[in-house]
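Me: I'm new to reading protein structures, and I'd like a close look at one part of this one. Could you walk me through a single strand and then show me how it fits into its surroundings?

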Protein chains: 2
Amino acid sequence: MRAEIIFIGTELLLGQIVNSNAVFLGQELISLGIDCYFQTIVGDNKDRIKEAFEIAIKRSDLIITTGGLGPTSDDLTTECLAEFFGEELVLDEKILQHIQNLFDKYNKKMAESNKKQALRPKSANILFNSAGTAPGIIWQKTFNEKQKIILTFPGVPTEVKIMWGEIAKPFLIDFLQSQNKNSEKLYFKELKFYGIGESDLAEKVQDLLDQNDPTTAPLAGQDECRLRIATKAINEEIANQKISEVESIIQKRVGQFIYGINQETLESVLIEKLKYKKQTIALAESCTGGLISKRLTDIPGSSVCIGLNIITYSNESKISLLKVKPQTLNEFGAVSEQTVLEMSAGIINLAKSDWALAVSGVAGPTGKPIGEIFLALINADNSFQEVKKLQLGNRSRKEIRWKTSQEALAWILKTI
Amino acid sequence: MRAEIIFIGTELLLGQIVNSNAVFLGQELISLGIDCYFQTIVGDNKDRIKEAFEIAIKRSDLIITTGGLGPTSDDLTTECLAEFFGEELVLDEKILQHIQNLFDKYNKKMAESNKKQALRPKSANILFNSAGTAPGIIWQKTFNEKQKIILTFPGVPTEVKIMWGEIAKPFLIDFLQSQNKNSEKLYFKELKFYGIGESDLAEKVQDLLDQNDPTTAPLAGQDECRLRIATKAINEEIANQKISEVESIIQKRVGQFIYGINQETLESVLIEKLKYKKQTIALAESCTGGLISKRLTDIPGSSVCIGLNIITYSNESKISLLKVKPQTLNEFGAVSEQTVLEMSAGIINLAKSDWALAVSGVAGPTGKPIGEIFLALINADNSFQEVKKLQLGNRSRKEIRWKTSQEALAWILKTI
């Protein structure tokens with residue numbers, strides 16, 4: 001089964017929002033073994049929505065749309081689909097009641113425009129939206145003598161996720177089973193690297209990149225890179241067997257740079273490791289302003305390894321709270337080896353943690369030298385005590401802060 | 001001039017990365033007054049890349065591609081374009097030298113595969129990449145008796161930005177000027193709202209949404225919504241005049257919910273306001289783990305309003321550092337009105353700030369009741385001291401933390 005996604009919304013074309021639905025739906029389709037070869041983004045314009053739809057339905061069996069289901073006049077998806085197939089729109093009383101109930105619940109008057117959201121093409125079923133007023137449709141339709149499935153979703157990512165999980169996914173699983181084909185699914189595993197560049201990595205595994213089954217593809221990310229090993233197989237066991245053969249070759253050659261797999265992140269792997277070792281860490285952040293703390297506490301269950309982090313943005317707070325000596329700040333400055341070492345000693349004293357990391361630097365866009373960062377990592381009995389200096393000039397504030405957090409997490413992970 | 005973007009890369013279809021190039025290029029095209037009606041995402045497959053390209057070149061004048069310019073065998077963009085136009089590939093000696101120099105600089109041996117990156121279709125020019133080894137092309141080509149421009153970029157967002165700014169943008173500006181048409185550009189202004197839902201907002205400005213020039217379109221975001229007022233005009237002054245008429249109507253009706261415009265965020269507006277009032281704020285975060293601090297310090301120059309923030313994730317650190325009473329924690333729990341009030345008193349004492357916000361809650365996925373959050377906001381002389389309770393159940397950990405940070409920032413902004 002070939003799927004194709006049409007993302008509808010002028011705001012996507014104008015670059016006003018990130019298309020996070022693309023990430024979610026892309027991953028979900030793969031997990032069902034459904035190939036998706038094209039995605040199209042089109043604005044809130046009738047002719048162009050229909051044009052995108054016409055191209056898609058000719059080459060794909062499953063068309064998924066997001067966006068254009070709201071109550072306003074530039075929400076055109078349902079209308080366009082009905083017109084494309086020459087079918088009339090009917091008012092779905094059950095959905096109208098659902099929308100009415102939502103308004104009643106919040107003691108609000110339903111706008112006349114919301115009625116539009118209860119319309120569906122006559123032969124389509126409703127794809128119920130338990131999270132909002134905009135339902136989608138599930139439509140099985142014959143086109144050019146082939147059976148096609150059309151699913152429409154609103155644009156709001158949380159609603160897409162709920163509707164997918166509650167209705168669309170079970171529907172597709174049923175459909176695929178009813179086809180009863182002993183069909184192959186795509187399986188893949190991603191290896192995540194830190195500390196090696198993309199072309200360096202590619203060179204080390206060039207023979208695997210040239211190989212057809214499993215395929216190995218390099219992916220560049222923000223300050224890290226990945227290798228995706230993929231294969232088609234009729235079940236997971238066979239796939240895993242093929243993938244692990246390739247993985248072990250990669251492990252042998254560049255295993256020291258691999259920090260995790262698939263959805264793992266530096267922070268998730270670090271929290272796992274701390275949990276496993278029953279150790280704690282505390283942070284004293286200056287230029288990163290809480291970013292490292294935020295990333296670590298993004299991870300569920302991180303509270304067993306983290307008790308206290310402090311953001312000492314000012315010199316005064318470095319002195320009063322972390323007991324950095326005023327003469328250290330005077331003599332060497334806030335961005336120095338000496339200061340981060342004293343910061344790390346200060347935070348480990350306060351937090352009574354097993355490890356402490358301190359960071360101070362110039363994130364820009366003002367201040368000099370931009371991108372100069374010092375990190376200190378120490379442990380409770382002072383048997384480990386190191387300072388690292390980064391030069392991240394020529395980057396934006398956002399990039400400098402991000403890269404600093406990457407370096408910090410990778411360093412802690414490697415050390416503990 | 002009509003543009004169309006083709007994003008090439010299987011990782012995009014699989015949902016392995018967020019397409020941040022779409023945001024950047026979308027905004028840049030608009031700023032040049034170039035309409036972009038379609039974007040297509042296609043995998044690393046020759047036939048499908050050519051198919052996407054064929055559709056695009058028939059309906060658009062400017063085709064921009066990202067991705068597929070690396071050294072590996074699944075980097076196919078240049079090859080596909082050359083084949084599509086039946087033109088041979090030639091080795092660009094200057095680019096080969098540039099790539100060689102990059103490898104020399106880092107004392108590395110150039111891989112044979114990197115030579116591929118120096119290939120270009122014979123009649124195309126190189127779009128130089130000063131940030132990496134993968135150059136793109138600038139190709140002016142006649143197709144169906146119409147002049148077309150093709151620009152190719154690598155997939156790495158930082159390289160796209162640099163190549164766009166250094167070469168592609170100046171080239172397009174020159175080209176547009178050489179066309180010397182007194183052409184209209186699209187101008188727009190976005191109003192950003194917090195504290196009002198999308199359909200509520202739409203209802204209040206329905207007449208404007210139905211209007212054609214300027215157009216007003218509602219955009220739903222993550223826990224906030226926006227209205228985009230857009231018009232085409234031959235210069236900025238005329239556009240501003242038209243836009244501000246609509247804006248003043250919106251201001252009159254729902255002005256109390258507007259917190260900013262265009263690229264402004266709750267955090268940027270809050271920092272501006274603190275700066276203007278020469279006031280400081282300090283945070284004591286528990287469940288948000290540094291997220292609010294991170295958001296505020298994302299803003300350049302935030303250091304004048306922020307000296308110290310503390311993440312007290314554990315009860316011990318709430319007691320030892322913020323002087324929350326053990327009996328308060330015992331009697332009412334860490335997630336309570338009493339605890340956040342004592343936290344806020346503790347942090348304002350340590351930071352000597354004008355304002356302090358404390359937050360404690362259950363972000364999930366474990367713990368109960370998930371989504372119950374308490375916030376306290378106080379000022380230095382205790383003339384302001386309030387607690388707010390949120391019930392954010394039925395959301396993910398990430399969503400609960402984000403929504404809490406939104407509520408916190410909006411509350412501070414409104415209060416100070």
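Reply: Happy to help; what follows starts with one strand of chain A and then works outward to the rest of the complex.

Please keep in mind that this is a predicted model. For chain A the average pLDDT is 92, and 99% of the residues score at least 70. For the complex, the predictor gives an ipTM of 0.77 and a pTM of 0.78.

Let's pick strand E14 of chain A, residues 308–312. Is this strand buried or exposed? Five of its five residues are buried, so the strand is largely enclosed by the rest of the structure. You can follow the side chains along it: A:Leu308, A:Ile310 and A:Thr312 point one way, while A:Asn309 and A:Ile311 point the other way. Both groups are buried. This fits a general pattern: in a regular strand the side chains alternate between the two faces of the sheet.

Now for the neighbours of this strand. Within chain A, E14(A) pairs with strand E13, residues 281–285, in the parallel sense, and three bridges join them. To find one of the contact points on screen, look for A:Leu283, whose bridge partner in E14(A) is A:Asn309. How does the chain get from E13(A) to E14(A)? The path leads through helix H11, residues 291–297, of chain A, and this β-α-β crossover is right-handed.

E14(A) also pairs with a strand from the other chain. Strand E14 of chain B, residues 306–312, runs antiparallel to E14(A), and five bridges connect the two. Here A:Asn309 turns up again: its bridge partner in E14(B) is B:Ile311. So you can use A:Asn309 as a landmark, with A:Leu283 as its partner in chain A and B:Ile311 as its partner in chain B.

A second pair of strands links the chains too. Strand E2 of chain A and strand E2 of chain B, each covering residues 35–42, pair in the antiparallel sense over five bridges. In that pairing, A:Ile41 stands opposite B:Gln39.

Let's step back to the whole contact between the chains. It takes 77 residues from chain A and 76 residues from chain B. On the chain A side, the largest share comes from helix H2, residues 20–31, which supplies eight residues. By class, that side has 35 nonpolar, 30 polar and 12 charged residues. Of the interface residues of chain A, 96% are also interface residues in chain B, so the copies meet through the same surface.

How are the two copies placed relative to each other? In general, two copies of a chain are related by a rotation about an axis and a shift along it. Here a rotation of 180° with 0.2 Å of shift along its axis superposes chain A on chain B, with an RMSD of 0.2 Å. The two copies are thus related as by a two-fold rotation axis.

For a single residue at this contact, try B:Ala22, which lies in helix H2 of chain B. B:Ala22 has 25 C-beta neighbours inside 10 Å, and the cut-off for a buried residue is 20 or more, so B:Ala22 counts as buried. Leaving out residues up to four places away in sequence, B:Ala22 touches A:Gly15 and A:Asn19 in chain A, and B:Phe7 and B:Gln39 in chain B. That last residue, B:Gln39, is the one that stands opposite A:Ile41 in the E2 pairing.

For comparison with our first strand, look at another group of strands, this time in chain B. Strand E8, residues 146–153, is joined to strand E3, residues 62–66, by five bridges, and these two run parallel. One bridge partner pair there is B:Thr65 and B:Thr152. E8(B) is also joined to strand E7, residues 136–143, by six bridges, and these two run antiparallel. In this case B:Ile138 has B:Leu151 as its bridge partner. E7(B) and E8(B) form a hairpin with two residues between them, and B:Asn144 in the turn has a positive phi of about 50°.

Finally, here is the setting of our strand as a whole. Chain A has 15 helices and 17 strands, and its C-alpha trace spans about 80 × 60 × 40 Å along its principal axes. Of its 416 residues, 48% count as buried.

Conventions. Residues are numbered from 1 along each chain as its sequence is written. Chains are lettered from A and ligands numbered from 1 in the order in which they are written. A residue is buried if 20 or more other C-beta atoms lie within 10 Å of its own, exposed if 12 or fewer, and partly exposed in between; C-beta atoms are placed from the backbone. Helices (H or I, at least four residues) and strands (E, at least two) are DSSP runs, numbered from the N terminus. Two strands pair if DSSP finds at least two bridges between them. A crossover is right-handed if, with the strands pointing away from the viewer, the path from the first strand over the helix to the second runs clockwise. Copies are superposed by least squares on the C-alpha atoms of residues with pLDDT of at least 70 in both. Two residues are in contact if their C-beta atoms, placed from the backbone, lie within 7 Å. Ala, Val, Leu, Ile, Met, Phe, Trp, Tyr, Cys and Pro count as nonpolar, Asp, Glu, Lys and Arg as charged, and the others, Gly among them, as polar. pLDDT is the predictor's confidence in each residue, from 0 to 100.
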